[in-house]
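Hello,

Here is the structure I promised to pass on to you. Have a look at it first, and then read my notes below.

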Amino acid sequence: MVPPATALTNPHAMDRPPTSSGELWMAPGYERLLHANRLDSLHTLFSVAGGECLSKPGLHSWRERWRLTLNDSDGPRVLYLKRFRSPPRSARREVARSGSGARSVAGMEWVWLNRLAREGIACAEPVAFGEELRGSREVRS
């Protein structure tokens with residue numbers, strides 16, 4: 001889940017994704033917002049049906065993109081949610097070849113976004129990350 005493109009300013013951003021399957025990691029400063037909007041678990045992020053679906057021609061059925069407007073004490077906040085369900089073998093091979101150390105498609109994006117930001121390149125700020133694996137096979141992320 002990411003807000004609109006910005007430069008990441010968190011010096012403690014993770015260079016590698018969390019390692020426990022089925023759990024959700026929230027970037028510092030976003031816990032309150034995610035808890036208040038009941039988006040504080042991998043299950044709830046995969047259950048979200050509200051928001052605007054950002055489907056487009058050519059987007060594979062295992063990839064989902066959503067624009068969510070969350071309630072915050074300072075007013076509405078827009079975040080973008082990317083979900084991956086049972087990615088095909090070709091996507092899993094891409095993760096393995098990426099050199100990111102990630103175990104899932106979302107994990108690979110998490111690592112690369114944090115590396116770009118650390119290098120001073122403006123990009124989307126990672127807010128939350130989770131993955132569910134069955135052995136080495138990605139179930140969802």
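**What I found**

R115 sits over the face of W112, 4.8 Å from the centre of the ring. A similar arrangement involves R63, which lies over the face of W62 at 5.5 Å from the ring centre. Please keep in mind throughout that this is a predicted model.

**The overall picture**

The protein has 4 helices and 7 strands. Going along the sequence, you will meet them in the pattern β-α-α-β-β-β-α-α-β-β-β. The protein has 141 residues, and 43% of them count as buried. Among contacts in the protein with a separation of 6 or more, 60% are between residues 24 or more positions apart. The accessible surface amounts to about 7,800 Å², and carbon and sulfur atoms account for 51% of that.

**The aromatic pairs**

There are 3 aromatic pairs in the structure. One of them is formed by W25 and W110, whose ring centres are 5.2 Å apart; with 80° between the planes, over the 60 degrees needed, the pair is edge-to-face. The two partners come from distant parts of the chain: W25 belongs to strand 1 (residues 24-26) and W110 to helix 4, with their positions 85 residues apart. Are these two tryptophans buried or exposed? W25 counts as partly exposed because its relative accessibility is 22%, while W110 counts as buried at 4%.

W110 also pairs with F129, this time in a tilted arrangement, with 5.7 Å from centre to centre and 40° between the planes. Since W110 is in helix 4 and F129 is in strand 5 (residues 128-130), this pair ties together parts 19 residues apart in sequence. Both W110 and F129 are buried. Taken together, the ring pairs join W25, W110 and F129 into a cluster.

**The nonpolar cores**

In soluble globular proteins, nonpolar side chains tend to be buried together. Here, the largest nonpolar core is made of 16 residues, and L34, L39, L68 and L70 have the most contacts inside it. Strand 1, helix 1 (31-36), strand 3 (63-70) and strand 4 (77-84) are the elements that each give two or more residues to this core. Strand 3 contributes the most, with 3 residues. A second core, separate from this one, has 10 residues, including A91, V95, A102 and A106.

**Around S104**

S104 is worth a visit when you open the model. You will find S104 in the loop between helix 3 (89-97) and helix 4 (105-118). With a relative accessibility of 0%, S104 counts as buried. The side chain of S104 reaches the backbone nitrogen of G107 at 3.0 Å. Setting aside residues up to four places away in sequence, S104 touches V95, F129, E131, E138 and S141. Two of these names also appear above: F129 is part of the ring cluster, and V95 is in the second core.

**E138 and R140 in strand 7**

E138, one of the residues that S104 touches, lies in strand 7. E138 is buried, since its relative accessible area is 1%. What does the side chain of E138 reach? The backbone nitrogen of V105 is at 2.9 Å from this side chain, and there is also a polar contact with the side chain of S141, at 2.5 Å. Beyond its neighbours within four places in sequence, E138 is in contact with F84, S86, P87, R92, R103, S104, V105, E132 and L133. The C-alpha atoms of E138 and R89 are separated by 9.5 Å, although the two residues are 49 residues apart along the chain.

R140 is also found in strand 7 (residues 137-140). Its side chain makes a polar contact with the side chain of E132, at 2.7 Å. Leaving out neighbours within four places in sequence, the contacts of R140 are with L42, H43, F46, F84, R85, E131 and E132. R140 and S104 are 36 residues apart in sequence, with 8.1 Å between their C-alpha atoms.

Have fun exploring it, and write back with any questions.

Best wishes

Notes. Residues numbered from 1 in each chain as written. Predicted model: local features only at pLDDT ≥ 70, side-chain atom pairs only at ≥ 80, totals over all residues. Heavy atoms only, no water. Buried < 20%, exposed > 50% of the residue type's maximum accessible area, 1.4 Å probe, protein only. Polar contact = N/O pair within 3.5 Å; in protein donor to acceptor, adjacent residues only side chain to side chain. Contact = heavy atoms within 4.5 Å. Phe/Tyr/Trp six-rings, centres within 6.5 Å; stacked < 30°, edge-to-face > 60°. Lys NZ or Arg CZ within 6 Å of the ring centre and 35° of its normal. Core = buried A, V, L, I, M, F, W, Y, C linked by side-chain atoms within 4.5 Å. Areas by Shrake-Rupley, 256 points an atom, 1.4 Å probe, with all protein chains shown as cover.
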